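Me: I would like to go through this protein step by step, beginning with the overall fold and ending with a single residue. Please set out the reasoning behind each answer.

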Amino acid sequence: MIEPRIILLEDDEELRSIVGRGLREEGFAVSMAGSAAELVRHVDAGDADALIIDIGLPDADGRDVVQALRARGVGTPVIFLTARDALPDRLAGFASGGDDYLTKPFHFAELVARLQALIRRGGSETAIEAGGMRLDPRSHDASCGGRNVKLTPTEFRILARLGAAPGDAVRRRDLVRAAWPHGAIVHDNTLDVYIARLRRKLATLPGSPGIVTVHGVGYSLQ
């Protein structure tokens, strides 16, 4: 029986050792990395069946790493590990190209079960249903009425955040956190520029919901 090949990126040496040892005992072939640079070297050295990536890294944000891998054509399924479990954080993980999301602390058995399911599927094909639209976190497409439109990663994160609560007013600060999850400095009108772009793109989709301005609050998908 061929052992599934896993690359584990975790900067906490003790946790990396414990998880790596446990995965080997469960029949996985594990390569371990403590930094984004190490992960890239492992990926370049050969194919893996799945990647386990910690979001909070000393040299990068794990979501940025995955987004860069996806841009290079690496389609290996990814499970994110993170201490952050708020909805905007999860959406940002999926928008960057992640396939699953496990919050620390986690039960090791659950990690194994999720890995096995992800490998069987060969990656997540699950799209996000948002306000009558279908949002694909791997291709960053939005589709409705038999047509689709390509979104940038930032546009996708904004739309996914709005679509997580269709009809509700989402505050500007929450949209900024979802769109720029790494704490980037965002000018006052930057969000408005992205909203305008999204409105133009959604207008090309038959039956698509629209983005409505909620004065003094933010925006709503209706």
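Reply: A residue is called buried when its relative accessible area is under 20%, and exposed when it is over 50%. The model discussed here is a predicted one.

Me: What share of the 222 residues of the protein count as buried?
Reply: The cut-off to apply is a relative accessible area under 20%. Taken over the 222 residues of the protein, the share that counts as buried is 48%.

Me: How many helices and strands does the protein have?
Reply: Among the contacts with a separation of 6 or more, 58% join residues 24 or more positions apart. The elements of this fold comprise 8 helices and 12 strands.

Me: What radius of gyration does the protein have, and why does it agree with that of a compact globule?
Reply: The C-alpha atoms fill a box of roughly 55 × 35 × 30 Å along the principal axes. Because a compact globule with 222 residues would have a radius of gyration near 17 Å, the value for the protein agrees with this expectation, at 18 Å.

Me: Is T154 buried or exposed?
Reply: T154 has its place in helix α6, which covers residues 153-163. Its relative accessible area is 13%, and since the cut-off is under 20%, T154 is buried.

Me: Which residues is T154 in contact with, leaving aside its neighbours within four places in sequence?
Reply: Contact here requires heavy atoms within 4.5 Å. With the neighbours within four places in sequence left aside, the partners of T154 are A179, W180 and Y194.

How values were computed: Residues numbered from 1 in each chain as written. Predicted model: local features only at pLDDT ≥ 70, side-chain atom pairs only at ≥ 80, totals over all residues. Heavy atoms only, no water. Helix = DSSP H or I, 4+ residues; strand = E, 2+ residues; numbered from the N terminus. Buried < 20%, exposed > 50% of the residue type's maximum accessible area, 1.4 Å probe, protein only. Rg over C-alpha atoms; globule rule 2.2 N^0.38 Å.
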